[in-house]
Every structure is written in structure tokens, then in C-alpha cells.
Amino acid sequence: MLNKGISEEELFTFLADRKSEDLDHDFILSSMCTVPHSVAVRAHCMFMETNLGDPGLFPGTMALEKLLINRFGSLFHCPDAGGYATSGGTESNIQALRLAKALRHDIRKPNVIVPESAHFSFRKACDILGLEMRKAPLTRDYRMDAGAAGELVDRNTIALVGVAGTTEYGMVDPIADLAKIARQHDLFFHVDAAFGGMVIPFLKKPIPFDFSVKGVTSIAVDPHKMGMSTIPCGCLLTREPDVLNSLNIDTPYLTVKQEYTLAGTRPGAPVAGALAVMDYLGFAGMKAVVTGCMKNTQRLIAGMETFGIPRAATPDVNVATFTCDKARVPGPWKVSWTCRKHLRIVCMPHVTLGRIEAFLKDIGESHA
Ligand code: 0PR
């Protein structure tokens, strides 16, 4: 801590200098986050001091969280779904497995089955919760092999996880087949739609991944990814509105006497931000955003292939992957690389057609 404070001007000059060292979004092609929508920023600023950890003090903000969950419930074909706003996909996934475990406390050595492509947050969840994580292999198109997943089920299995919009390849796992397996074995079935939840419903041909599929127990979706909200905002939804109460612990001196959330203090600001974007854009506006991102993804894939850089997969959502030599990607572009060493680009809303063309021009030159 500084002994004596510094002037506001000195302070903000210092902060601005540090901020100027951050990368310009114009060149960020690797991120699943984006520049927040202007209405999200405005709403966020309005709710800066709100704390959903003690909701009785902020009943208005609490109503917004309820509304946000209702919006997602309706979008995911279960208007009565329960849920709450988390800090993102990691917390939603941890809480989903925590819930699955709480519902099967009779099982002493519980295991969960996740696809090999599952986000690393499941590793964290299993560590914290003391669960054995069984990885089901993928089929050649990078989707979870439902048959192989079924073979991993035994009497200690408490949950099955499918991903709708995988982090690395943008694929949707065979949710309907997995749901069937979950129903056969009476398993908790969590769908990680942290990324795809705000993409798939707006596709030309939406792939069933949500509560319309019988057997889906819970869904993770992140407004701070394709929902263009401010960070941090995720949501965990449950088909049964009250099932989260099995995680309740006593919170005697708060305005609510029990809580099932993981975080204590929880920001209301990004929740207001997330709802602001949804209500400002509506279904039609969100569909336009997703249509643009998907078109840009297709343009990127077509452009790369004309340079002899083949796609690694044909994605269901706006994540494009390629077989490409690392040395040939010019700076200052920021791309990412999958575990299987494929070049990965996420066509987020800030990655406009103009940025795609600029990237194609640069990589085309480096391939000439
Ligand atoms: N589930 C899926 C399918 C994800 O893709 C992610 C994150 C999570 C869960 C976890 O979400 P939180 O990070 O919100 O807890 N996917 C990205 C990733 O790890 C997140 C990300 C975002 C990474 C921006 C980099 C970046 O610049 O790749």
C-alpha cells in the first residue's frame, strides 16, 4: 500500500497507461468474450453498487435477475426453469455438478462422464467436489461419442455432461442421444452451453440442445460471451425450478436466511447489463448478430481454403479451426491453438467482416 495517496490525475494517468498496454480488440481473434454492447455498459454503470449476495437490500436488482432467468427459460423452452446468475461458465459447471452430487448423496464414490472436449472448468469442478471424471472420446467430427459415453456409465455415475458449442471446435454434442442415455440410467444431465446458448437458438436451423430435449436437467449459458454483456455474467438454469434448494446453506444474518449460490457477494451490474442487451435487441436483433457472426465464420473458412489452409472441422457455431503452420500467422493478430495444434479463430461480434478480410489479406500474403 502506498504510504500517502496520489492525486487523481496521477492515478488516472497511471491507469490509462496500463490500459493502453492491453491489446486492441481489432486484433483479438482468440477470445470468447467481446466488447460489451453499449446498453450493457450503461446498465452496468447504473447498478455498480448492487450486491445480489444480500438480495433483500436490492429487491429491484433481484427482480432483474429473476427476469434474466425467465428470459433464458423461455428461450430454452422451459419458461418455468429455475436458476441464478453466476460469474460465468466455470461457476455454473461447478454448481451443476455440486447439485448432481447433492441429489445422489447415497453414492460414496461418485463419477461423472464428460466429453474429451469438455472445458477445463470440469477438471476444477471434479477436483473441488471429489468426483472421478471419466472422459468419453469424440467421434471424427469432434463430437462426444454417445455410444462410448454410455459404456462408461456404472452404478456410481451421478451425472452426464454434453457441450453445446465446444470451446475448441465449436461443435454441438449429440444432446438428444445423450439425453436418452441419461434417462435410461436416471442420470443428471448437464448441458454446457456457456458459448452456444446464445448462438444456437438464433441459427437458421437451431439444433435441439435445451429443455426441449427430454432428460436435460440443467444448462449453463454465459451472457458475457455471445450475450455481449459486461464481465462477469453467466447463468445456471435448472428444469425444475426449486431443485437448487438442495444446495441451500444457512445465512442467518442476511436478508435471506438460506442461499444456494457459490459466491457470497455477487454483482448485480452485469446482470442488469445482460438483461439490457437481451431486451434491447430482442430475438430479431440477437438473430441478426448471430447471422452476421456465422456468415463471417463461413467467409473466413472459404477465404482460408483458397490459400490452401484447410478447415479442421465444419463448426456448428462461430468457431473456425484450421490446419495451419504456426509460423505463418502474422502479427499483431492474436489467434489461439487447440490441443490438437489447429489454428482457432472465434468470430465474435467485434470480429467484423472488415477484420476478417484484413486478416485474410495478411495471412494470404504470408502464404504467397
Ligand atoms: N464452458 C465452455 C464451453 C467454455 O467455452 C468456457 C470458457 C467455459 C465453460 C468457462 O467459462 P468462464 O471462463 O466464463 O468461466 N471458454 C473460453 C476459454 O476458456 C473463455 C475465454 C474467454 C478464454 C476469453 C479466453 C478469452 O480471451 O477458452
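Which two domains give residues to the shell around the ligand, and where does the ligand lie as a result? In this predicted model, domain 1 is made up of residues 19-37 + 282-366 and domain 2 of residues 38-278. Both domains give residues to the shell, so the ligand lies between them.

The ligand sits in the largest pocket. A total of 17 residues surround the ligand, and the closest are Thr-90, His-119, Thr-167, Asp-192 and His-224. By class, this shell comprises 10 polar residues, 4 nonpolar residues and 3 charged residues. Among the secondary-structure elements, helix H4, which spans residues 89-103, gives the most to the shell, with 3 residues.

Polar contacts to oxygen atoms of the ligand were computed for several side chains, including those of two histidines and one aspartate. For His-119, a polar side-chain atom lies 2.8 Å from an oxygen atom of the ligand. For His-224, an N or O atom of the side chain is 2.9 Å from a ligand oxygen atom. For Asp-222, the distance from a polar side-chain atom to an oxygen atom of the ligand is 3.3 Å. The ligand taken alone exposes 590 Å², and 76% of that area is buried by the protein. Of the residues in these contacts, His-119 and His-224 are also listed among the closest to the ligand.

Backbone geometry was also examined in the loops. The peptide bond from Ile-231 to Pro-232 is cis, with omega near 0°. Pro-232 belongs to the loop that runs between strand E6 (218-221) and strand E7 (234-238). Another cis peptide bond joins Gly-331 and Pro-332, where omega is about 0°. Pro-332 is placed in the loop between strand E10 (319-322) and strand E11 (336-337).

A further backbone feature concerns His-77. This residue is not a glycine, yet His-77 has a positive phi of about 65°. His-77 is located in the loop between helix H3 (59-75) and strand E1 (82-86).

Definitions and conventions. Residues are numbered from 1 along each chain as its sequence is written. This is a predicted model: local features need pLDDT of at least 70, side-chain atom pairs count only at pLDDT 80 or more; totals for chains, interfaces and linings use all residues. Side-chain values use heavy atoms; hydrogens and water are left out. A residue is near a molecule or strand if one of its heavy atoms lies within 4 Å of it. A polar contact is a pair of N or O atoms within 3.5 Å; within protein, one must be able to donate a hydrogen and the other to accept it, and residues adjacent in sequence count only if both atoms are side-chain atoms. Accessible areas come from the Shrake-Rupley method with a 1.4 Å probe; for residues, only the protein chains shown count as cover. On a 1 Å grid over the protein atoms alone, a cavity is a set of points where a 1.4 Å probe fits but cannot get out, and a pocket is an open set with protein on both sides within 12 Å along at least five of seven lines; lining residues have an atom within 4 Å of a point. A molecule sits in a cavity or pocket if more than half of its atoms lie within 2 Å of its grid points. Helices (H or I, at least four residues) and strands (E, at least two) are DSSP runs, numbered from the N terminus. Ala, Val, Leu, Ile, Met, Phe, Trp, Tyr, Cys and Pro count as nonpolar, Asp, Glu, Lys and Arg as charged, and the others, Gly among them, as polar. Domain bounds come from an automatic or database domain assignment.
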